[in-house]
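Welcome, and take a moment to look over the sequence and the model below. We will then walk through the strands, the charged pairs, the surface and a few unusual backbone spots together.

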Amino acid sequence: MGLRGLRLFLTFTVVLAFAGSIGGVYSYNRSPMRKALVARHLDEKDGIDEYAPQQVHISTVGQDKMRISWITQASTEPIVLFTETAGLYQNASLGTSSSYKYMTYKSDNIHEAVIGPLKPDTVYFYVCGRNSSKVYTLRTPPAQLPIRFAVVGDLGQTNWTNSTLQHISQSNYDMLLLPGDLAYADFLQYLWDSFGKLVEPLASKRPWMVTQGNHEIEKFPLLHKEKFTAYNARWRMPFEESGSNSNLYYSFNVAGVHVIMLGSYTDFDNTSAQYQWLQADLGKINRKLTPWIVAVVHAPWYNSNFAHIEEKEEVDMKESMEDLLYKARVDVVFAGHVDAYERFTRVYKDNPDICAPVYINVGTGGGNSEGLSSTFQEPQPGTSVFREASFGHGEFAVVNSTHAHWTWRRNDDDQAIVRDMVWLISRSSDSSCSTQV
């Protein structure tokens, strides 16, 4: 297991022993909805260097590379200098630049460069642009287990979002998984810029791996016919490396985990490119190398909240793809969309099944300015283990090839309060659940 894994295992065991089993549904006196946060656009009149990097975020590319993305107001060389020793920038990677138009809006210059090869679990210093004075740091994920994921969807830009980000920053995570609804821009492109500034302190230090939600569609009748224009331009993920033809769905390996990011708002029936890609991707997985499989999707396939119930993206996608995930013995499926937390038991076709994934809805980042999805169906379904209408975030710590620990913390008066936790055993280690792909 290693020293790091042993420390994680002992820590979680002690916490679990004191916390006991947590289940059911709870209510409490929730704090009121908080106001939106919008960072004003600054330019040279505000003393801003038009060549200075803004909205920096990183994502993993393969086993030993990172994509650095940033924006400048003026056109400049898309180069990243990086090193393990601050000030000695002996490594450089030249990338590409682009921009996009959305009705009357034209983005600033969007740059990206892939750096590497990088050592695992190592801190690097990097500079975006040859003449920039601002130094960023990142830490690469480990090459082997254990690994810790922060998991949260529906971030948006409210004071609850800010609280969630503060709690995540204290969790010592290795990578963040975001199941859709990033900026809640909804056609207002300056909100994408504002969101980029809001998340930069975290997203520039650890890889953020995202998929799209309904708030990223931004197709406007007659005036803008293309979907996901801003999302695809600003948040490029490593889809080509996994054999995907779309930035809306892809997969990657990290440590001992195979992560699949699915697209709720692109075609998913059994004749679609996404379905064919997913089927092929699942067939390539080597459970000896990646004993854990995690899937991430925006619209939840299991949901007992009245919000977003029985939507096409949920019902039809589940009908189309649930068999693929079940036969491949996927361990966990994370979803967003519903602004409330809910964890289901291992379930397949609406019935408990020890070989099925655990479904967890964590659209609780704080982005919904209309408030929480506070009404659940009664009685609570037997497959629903815990549910609560609160904002917060999750932590998924994969300790070794057989055991992982899930924790969900709500935001309560700006404190990260543990409300749900569970140990999970990988389906690849259960001899009664042999892979059927």
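**A guided walk through the model**

Let us begin with strand E17: Trp 292, Val 294 and Val 296 point one way from E17, while Ile 293 and Ala 295 point the other way, and all are buried. In a regular strand, side chains alternate between the two faces of the sheet. Here "buried" means under 20% relative accessible area, "exposed" means over 50%, and "partly exposed" covers what is in between (1.4 Å probe, protein chains only). Helices (H or I, at least four residues) and strands (E, at least two) are DSSP runs, numbered from the N terminus.

Before going further, please note that this is a predicted model, in which local features need pLDDT of at least 70 and side-chain atom pairs count only at pLDDT 80 or more, while totals for chains, interfaces and linings use all residues. Residues are numbered from 1 along each chain as its sequence is written, and side-chain values use heavy atoms, with hydrogens and water left out.

Back to E17, which covers residues 292–296: five of its five residues are buried, so the strand is largely enclosed by the rest of the structure. Its partner is strand E16 (residues 257–261), which runs parallel to E17 and is joined to it by five bridges. Two strands count as paired if DSSP finds at least two bridges between them. One of these contacts sets Met 261 against Val 296 in E17.

Now move to strand E2 (residues 54–61), which is mostly covered, with eight of its eight residues buried. E2 runs antiparallel to strand E3 (residues 65–72), and six bridges join them. Within this pairing, Ile 58 stands opposite Ile 68 in E3. Three residues separate the two strands in a hairpin, and Gly 62 in the turn has a positive phi of about 70 degrees.

Another strand to find is E22 (residues 384–388), the home of Phe 386. Phe 386 is buried, with a relative accessible area of 0%. Computed along the sequence and through space, how far apart are Phe 386 and Glu 342? They are separated by 44 residues in sequence and by 5.6 Å in space, C-alpha to C-alpha.Next come the charged pairs. A salt bridge is a side-chain nitrogen of Lys or Arg within 4 Å of a carboxyl oxygen of Asp or Glu, and by this rule the count comes to 20 salt bridges. In one of them, the side chains of Arg 236 and Glu 112 meet at 3.5 Å, N to O. Arg 236 lies in the loop between helix H4 (229–234) and strand E15 (250–254), and Glu 112 in strand E9 (residues 109–115), so this pair ties together parts that are 124 residues apart in sequence. Arg 236 is partly exposed at 25% relative accessibility, whereas Glu 112 is buried at 18%. Both belong to a network of salt bridges that links Arg 67, Glu 112, Arg 236 and Glu 240.

A second pair joins Glu 200 and Lys 134, at 3.4 Å, N to O. Because Glu 200 sits in helix H3 (residues 190–203) and Lys 134 in the loop between strand E10 (123–128) and strand E11 (136–139), this pair ties together parts that are 66 residues apart in sequence. Glu 200 is buried, with a relative accessible area of 10%, while Lys 134 is partly exposed at 42%.

A third salt bridge connects Asp 350 with Lys 318, the closest N and O atoms being 2.8 Å apart. Asp 350 lies in the loop between strand E19 (341–348) and strand E20 (351–352), and Lys 318 in helix H6, 32 residues apart. Asp 350 is partly exposed at 48% relative accessible area, and Lys 318 counts as buried at 12%.

Let us step out to the surface. Met 103, Phe 187, Phe 220, Leu 222 and Leu 223 form a nonpolar patch there, with about 510 Å² of accessible area together. Patches are made of residues with over 30% relative accessible area and no salt bridge, joining like charges within 9 Å and nonpolar side chains (Val, Leu, Ile, Met, Phe, Trp, Tyr) within 5 Å. The areas come from the Shrake-Rupley method with a 1.4 Å probe, and for residues only the protein chains shown count as cover. Leu 222, in the loop between strand E14 (208–211) and H4, is exposed at 78% relative accessible area.

Finally, some backbone details. Most residues other than glycine have a negative phi, and most peptide bonds are trans. A cis peptide bond joins Gly 116 and Pro 117, with omega about 0 degrees, and Pro 117 is in the loop between E9 and E10. The bond from Leu 145 to Pro 146 is also cis, with omega near 10 degrees. His 337 is not a glycine, yet it has a positive phi of about 75 degrees; it is buried, with a relative accessible area of 3%.
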